[in-house]
Amino acid sequence: MSSISKAYIDKDKEKDKKDKRPGLAESIKDPEFKRSFKRIMALIFKLFPVRATIVTITYMISVVANLTPAIFMQKALMVIDATWKTGDWAAAQGPITTIAIQTAAVLLTGAICQFIYSQILITLTQGTARYIRNEMFEKMERLPISYFDNHQFGDIMSHYTNDVDALRMFIGSGILTFFSGVFGVVGTVCVMFYYSVWLTLIELGSSVIIFATVGFLGSRTARYYKAQQKQIGVVEGFIEEIMSGLKTVKVFTHEPIIQDEFDDLNRELFYVSRSAARCMGVLPPALFNIGNIIYVIIAICGSSFIYYNVPNLSISGLGFSIATVVPFLNMTKSLTGNIGALSRGINPILKGVAGVQRVFELMDEKPEADKGDVTLLACHSDDCDRRSWKWEIPEKDNENTFIPVRGDIQLENVVFGYKSDQPVLKGVSVHAHPGQKVAFVGATGAGKTTITNLLNRFYDIESGSIKYDSIDIKDMKKDSLRKSLGMVLQDTSLFNDTVLENIRFGNPAATDEDCIAAAKLSGADDFVEHLPRGYQTMIQSDGSNFSQGQRQLLSIARAAVANPPVMILDEATSSIDTRTENLVQMGMDNLMKGRTTFVIAHRLSTVRNADLICVLDHGKIIEMGTHNELIQKHDTYYQLYTGAFELE
Ligand SMILES: Nc1ncnc2c1ncn2[C@@H]1O[C@H](COP(=O)(O)OP(=O)(O)OP(=O)(O)O)[C@@H](O)[C@H]1O
Ligand SMILES: [Mg+2]
């Protein structure tokens, strides 16, 4: 072994020793288990009432069909036993043939039922997984942005992959294996009573050890599985984070540190998974050996009963004899086997419920509140421009009021913090009249992007008010409000599709010509035309095959094609060279004409021609006015502006 790999193993062993602390998973209590189990079962029956019922019925028939041959065998043995004494084999042919046909019929019915339920079960499994994925996706789209501030993307992703996989195992194999164990146990016990009540009671008394073992190991495993599902989410979250920041990791040569961090998380996953597997792994040999002990106990008791002529008590009315004790011993094996099946079913059930619990956690998250009832009547066709957009305000007498969308936006004393005890905006007031260009400038972290987050209600303000055409934005339906605001976000985000479709994202009703016109307006057309496949060029993984500036131009085109009455441009041209920016500026001025526009820019030349410039500092507007007014004031803006010039 090389010294490097030895050192690695030694290091790993050391970490292993350090990490052998008692129970990460032990500490995880799981009162939700039963509730989630019932909920997923109810969901399956709600989604597929007929199919689920057919599966239940055919499944039960097949279980019964698998149990009855033992009774037919007993009958056949009795006929053979009687015939052996009389020697009249011709007379025995009839009953034996009847028993054989009955057995074949029952087994065939069982086989047909098994085929039916296993086929339907596939639809049930995949259908439920599909429904859950859809529901989660729909829910995810309705969750407030703040949810994503607090959850890792990789962890959310693992709901769709790992947790749904566990759910599929739960439905596809867990429940049936488990219930086949349950029915098998119940059926075997019934057959046992058929042979002998006394032996059955001894069997059940001894089986308490088996049930206790299954119960003990099962409950421990459930906790470990929950911890395992959670830890998989953490590991996937970490991988996702590192993948998206891979360049930064490489630039700072953080690979060894990242490797160590990953190693820690991965080891944690290893321990909980190993503990779960160990608990479950102990079960089959334990059951096998306990089963053997019970087998011996029954053999000793049964033979003693025959020897001492103990009177039997049974449904069949048979006394103790080899013909009752030997089949009973077979039943003993069968009971242990069924308890084994039950325990095998527990595994995917525990894992599945652990996954389902996480899925339900996401599905039970409170969606973004949207109590507003003012809606936007907009049209995107050629023959109506944005000036014909209207707000529809519902009135009590059903005579709704319509007011034209003008783009008048007024913030009054707005107070907001991402965390309630840390205010970011401390009483911001600004009035953007229709068609005005309002600029926010100020230092990094002053709260400029936060204002735009509040305008489109990614977050709700704590106090004060934001009015849009004199309507409080809280009274507007969120999608109406957002449709009326064209936004170019500070972080550009493009999708895995063609350039054209990415522009059309701003307005699905836009024609190809509209998209190209928007690209011309924003200045994107110039570089798109030079791409080998032009507007049909595919954009890969969030636009990694485009430069930052090109991505910004496409984002502007996307906002332009929506043709909204109000535009918000957050550092829309920050990565574009100054010469191109001048060209874009002309396009943007066209774009902004007649529209209320909020512009955020560090490059102050971009906002020079604004009707109103607000200088933001630590969440407060400290200066307000036109460029000339603020320059004359010789205060913060003047310093920023002249400083910026010096920098340029
Ligand atoms: N999602 C968030 N959760 C908690 N705090 C946040 C969040 N987003 C921003 N903040 C905080 O709010 C403050 C204002 O941030 P904001 O993004 O509005 O700054 P900005 O003026 O746009 O800065 P920049 O010029 O760098 O874009 C910062 O202190 C920041 O740390
Ligand atoms: Mg910002």
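In the predicted model, Arg533 has 10 C-beta neighbours inside 10 Å and therefore counts as exposed. Arg533 lies in the loop that links helix H16 (525–529) to helix H17 (548–562). Its separation from Ala557 is 24 residues in sequence and 18 Å in space, taken from C-alpha to C-alpha.

Two residues other than glycine with positive phi values were examined in the same manner. For His634, phi is near 55 degrees. His634 occupies the loop between helix H19 (627–633) and helix H20 (636–647), and it is exposed because 10 other C-beta atoms lie within 10 Å, where 12 or fewer is the criterion. For Asn413, phi is near 50 degrees. Asn413 belongs to strand S4 (residues 409–416), and its 13 other C-beta atoms within 10 Å place it in the partly exposed class, because exposed residues have 12 or fewer and buried residues 20 or more.

Strand S4 is also part of an open sheet of 4 strands, ordered S5-S4-S7-S8 and paired in the antiparallel sense. Strand S5 (425–432) and strand S8 (471–472) form the edges; each has a single partner strand, so one side of each is left without a neighbour in the sheet. The pairing of S8 with strand S7 (residues 463–468) is antiparallel and comprises 2 bridges. Within this pairing, Tyr468 is placed opposite Ile471 of S8.

A further open sheet contains 3 strands in the order S1-S2-S3, again with antiparallel pairing. Here the edge positions are taken by strand S1 (375–377) and strand S3 (401–404), each of which has a single partner strand, so one side of each lacks a neighbour in the sheet. From one strand to the next, the twist averages 35 degrees. Strand S1 runs antiparallel to strand S2 (residues 390–393), and 3 bridges join the two. One bridge partnership connects Leu377 with Lys390 in S2.

The surroundings of ligand 1 were then considered. The residues around ligand 1 are Asp149, Tyr418, Val424, Thr444, Gly445, Ala446, Gly447, Lys448, Thr449, Thr450 and Gln490. Helix H12 (residues 448–455) makes the greatest contribution to this shell, supplying 3 residues. Classified by type, the shell around ligand 1 consists of 6 polar, 3 nonpolar and 2 charged residues.

Note on methods. Residues are numbered from 1 along each chain as its sequence is written. Chains are lettered from A and ligands numbered from 1 in the order in which they are written. This is a predicted model: local features need pLDDT of at least 70, side-chain atom pairs count only at pLDDT 80 or more; totals for chains, interfaces and linings use all residues. Two strands pair if DSSP finds at least two bridges between them. A residue is near a molecule or strand if its C-beta atom, placed from the backbone, lies within 6 Å of it. Ala, Val, Leu, Ile, Met, Phe, Trp, Tyr, Cys and Pro count as nonpolar, Asp, Glu, Lys and Arg as charged, and the others, Gly among them, as polar. A residue is buried if 20 or more other C-beta atoms lie within 10 Å of its own, exposed if 12 or fewer, and partly exposed in between; C-beta atoms are placed from the backbone. Axes are lines fitted to C-alpha atoms, for helices over the stretch in contact, and angles run from 0 to 180 degrees between N-to-C directions.
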